[in-house]
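Work through these exercises with the model open beside you. Try each task before reading its solution.

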Amino acid sequence: ILQEITSTENMRRKKESFIDYEIYNDNIETYVYDAIVAQTSEKTAQAMPIISTLNVGKRVVENEATIYSNDPRRTLLDAKDEEEKIIENIYKQGKFNTKLAKTNKCFKYRNQSFLQILLKDKKIQARVLLGHNIDIIPDFEDPEKPYALITSSYDRSLLGNNANSDGINQAIADNDDWKMKQKYVVWTNEYNFIMNGLGEYETQPVPNSLGVLPFVDISTDKDYEFFIRTGMNISNFTVQYNALWSDFFYIMKMQGFAIPVFSGNPELMPREYFVGPNRGIMLPNDPTEPTGSLKMEFLSPNPNLDGSLKGISAFLANWLTSRGVSPKVISSELSASDSYSSGIERLLSMIDKFEATKEDFDLYQSVEQEIFEIIKKYLVVFSGTDLLDKKYSVSKSFENAQLSVQFHKPEMVQTENEKITNIQSKIDMGISDQVLALMELEGITEEMAIEKIEMINKRKALRLKTMADQNQSQDNESIVDEAEAI
């Protein structure tokens, strides 16, 4: 098992997963620096400004992973009211929505993430795991599922000077002493135990009371193997994008000012010279000698900075398009605005995000059900024991409980004029009236709408009566004036 875990292919998989996670967490500078060294030289990279603050890939992932931007609504079926409150407290105190939001982002980053459900400190908790934390023994009949699942921390020294590591083996005795400190937690449906890097038991195998692996594999589209084969598209782009900006600012720094150039007799060249607004240089000049003069001028390379900017923008736009994300998500213009001219434009903006995760809804419906089944097993098995807090105790019948999950989806947002136009269209079609229109427009009850319409009609009738009285008075005055004139 340890030979498989430490094999070249498996270690490369874990290394890629860890680098992805590092870059997602804004630890970019080292990788940008290495990319510049690979393209130029160590000396050039040391002189360049290293831009490592533009984590566009992270911004795109967060735009795509929006399933848990709003908490889903979970409804418990076939359970008692107090048991429903227990489940609500477990999800709230265990910060399950926050953990699931993280798995969603990690899933969008590498197409696979994991959630472990564990019993710790007498509470049911969740732990997010990534590819570099997981090894498996595949199931003999279905290699897409694990027979055994092994968790461990990633050895950062394998990255050399990267990942904030000094790359030094800190062991003070034999070369393999560090393996004794390496821990692997092994789970099967029947047992779980801990072993060290030498394959020796740290704890003796104990029965797995749940009867299932307490892990949820969040992934799709497997190819007859457990781990998803994916590249480092987002991380590679993020590094390349920051390297391009580093190149741009280096060019602007080095070629954005004029360079003094001397020409003429080298023997007349001044040994020292200073250039500045408060300094001057006297150049020796002998008019009787053709070669007895020295000339000084300033030359400017005039780099095509606009062309470089357009190239960087095109690189960004093409990558966003390849991800199926509108380039409007990221803007290089300082004048970018989030304002919307109408509710339709706002809805379309929301749909851009919604469509980016629409395929994930089915996946996370399944994930939610798997999580609940594991939580349910913990509650049924450990209720009434010292391992679980008494406030989480449930009855045996709780094993028949079911969970219904509704995810938040974008709603139609209309401007006032759009609402009025739509309501008028309904009235013209004969499918609404003044009462229903007022209820929809102002969000009031039917009684309040009827009362308001009656008040409006009374005011209208009073205004018409006043106008009629005024007209009648004017007509009477006109008759009198005509009579007097006769």
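**Exercise 1. The whole chain**

Task: Find what percentage of the protein chain is buried, and how many helices and strands the chain has.

Solution. The model is predicted. Of the 486 residues in the protein chain, 33% are buried. The chain has 14 helices and 12 strands. Now take the contacts with a separation of 6 or more: 66% of them are between residues 24 or more positions apart.

**Exercise 2. Helix 2 and helix 7**

Task: Describe how helix 2 and helix 7 cross, and list the residues in the contact.

Solution. Start with what is needed. Two packed helices are described by the angle between their axes and the distance between the axes.

Step 1. Helix 2 covers residues 8-24 and helix 7 covers residues 96-110. Their axes come within 11 Å and cross at roughly 120°.

Step 2. Classify the angle. Roughly perpendicular runs from 65 to 115 degrees, and roughly antiparallel needs over 145. Helix 2 is therefore oblique to helix 7.

Step 3. The handedness of this crossing of helix 2 and helix 7 is right-handed.

Step 4. Helix 2 contributes R13, E16, S17, D20, Y21, I23 and Y24 to the contact. From helix 7 come K102, K105, Y109 and R110.

Step 5. Sort the contact of helix 2 with helix 7 by class: 6 residues are charged, 4 nonpolar and 1 polar.

**Exercise 3. Helix 3 and helix 9**

Task: Do the same for helix 3 and helix 9.

Solution. Step 1. Helix 3 spans residues 29-39, and helix 9 spans residues 233-255. The axes lie 9 Å apart, and the angle is about 65°.

Step 2. That angle makes helix 3 roughly perpendicular to helix 9.

Step 3. Helix 3 passes helix 9 in a crossing that is right-handed.

Step 4. On the helix 3 side, look for Y31, V32, A35, I36 and Q39. They meet V239, N242, A243, S246 and D247 of helix 9.

Step 5. In the contact of helix 3 with helix 9, 6 residues are nonpolar, 3 polar and 1 charged.

**Exercise 4. Helix 5**

Task: Which residues of helix 5 are buried?

Solution. Helix 5 takes in residues 56-64 and is mostly covered. Of its 9 residues, 7 are buried. These buried residues of helix 5 are V56, G57, K58, V60, V61, N63 and E64.

**Exercise 5. Two strand residues**

Task: Place D135 and N192, then decide whether each is buried or exposed.

Solution. Step 1. D135 sits in strand 4, residues 134-138. Its relative accessible area is 2%, so D135 is buried.

Step 2. Look at its side chain. A polar contact of 3.4 Å links D135 to the side chain of R13. R13 also takes part in the contact of helix 2 with helix 7.

Step 3. Beyond four places in sequence, D135 touches I5, N10, R13, K14, A148, L149, I150, S152 and F227.

Step 4. N192 belongs to strand 7, residues 191-196. At 17% relative accessible area, under the 20% cut-off, N192 is buried.

Step 5. Setting aside neighbours within four places in sequence, N192 is in contact with V186, W187, Q204, P205, V206, P207 and N208.

**Exercise 6. A loop residue**

Task: Is K396 buried or exposed?

Solution. Step 1. K396 is in the loop between helix 11 (343-382) and strand 12 (402-406).

Step 2. Its relative accessibility is 57%, so K396 counts as exposed.

Step 3. Find L379, 17 residues from K396 along the chain. The C-alpha atoms of K396 and L379 are separated by 9.2 Å.

Notes
Residues are numbered from 1 along each chain as its sequence is written. This is a predicted model: local features need pLDDT of at least 70, side-chain atom pairs count only at pLDDT 80 or more; totals for chains, interfaces and linings use all residues. Side-chain values use heavy atoms; hydrogens and water are left out. Axes are lines fitted to C-alpha atoms, for helices over the stretch in contact, and angles run from 0 to 180 degrees between N-to-C directions. Helices (H or I, at least four residues) and strands (E, at least two) are DSSP runs, numbered from the N terminus. Angles under 35 degrees count as roughly parallel, over 145 as roughly antiparallel, 65 to 115 as roughly perpendicular and the rest as oblique. A crossing is left-handed if the near helix is turned anticlockwise from the far one by less than a right angle, and right-handed if clockwise. Contact means heavy atoms within 4.5 Å. Ala, Val, Leu, Ile, Met, Phe, Trp, Tyr, Cys and Pro count as nonpolar, Asp, Glu, Lys and Arg as charged, and the others, Gly among them, as polar. Buried means under 20% relative accessible area, exposed over 50%, partly exposed in between (1.4 Å probe, protein chains only). A polar contact is a pair of N or O atoms within 3.5 Å; within protein, one must be able to donate a hydrogen and the other to accept it, and residues adjacent in sequence count only if both atoms are side-chain atoms.
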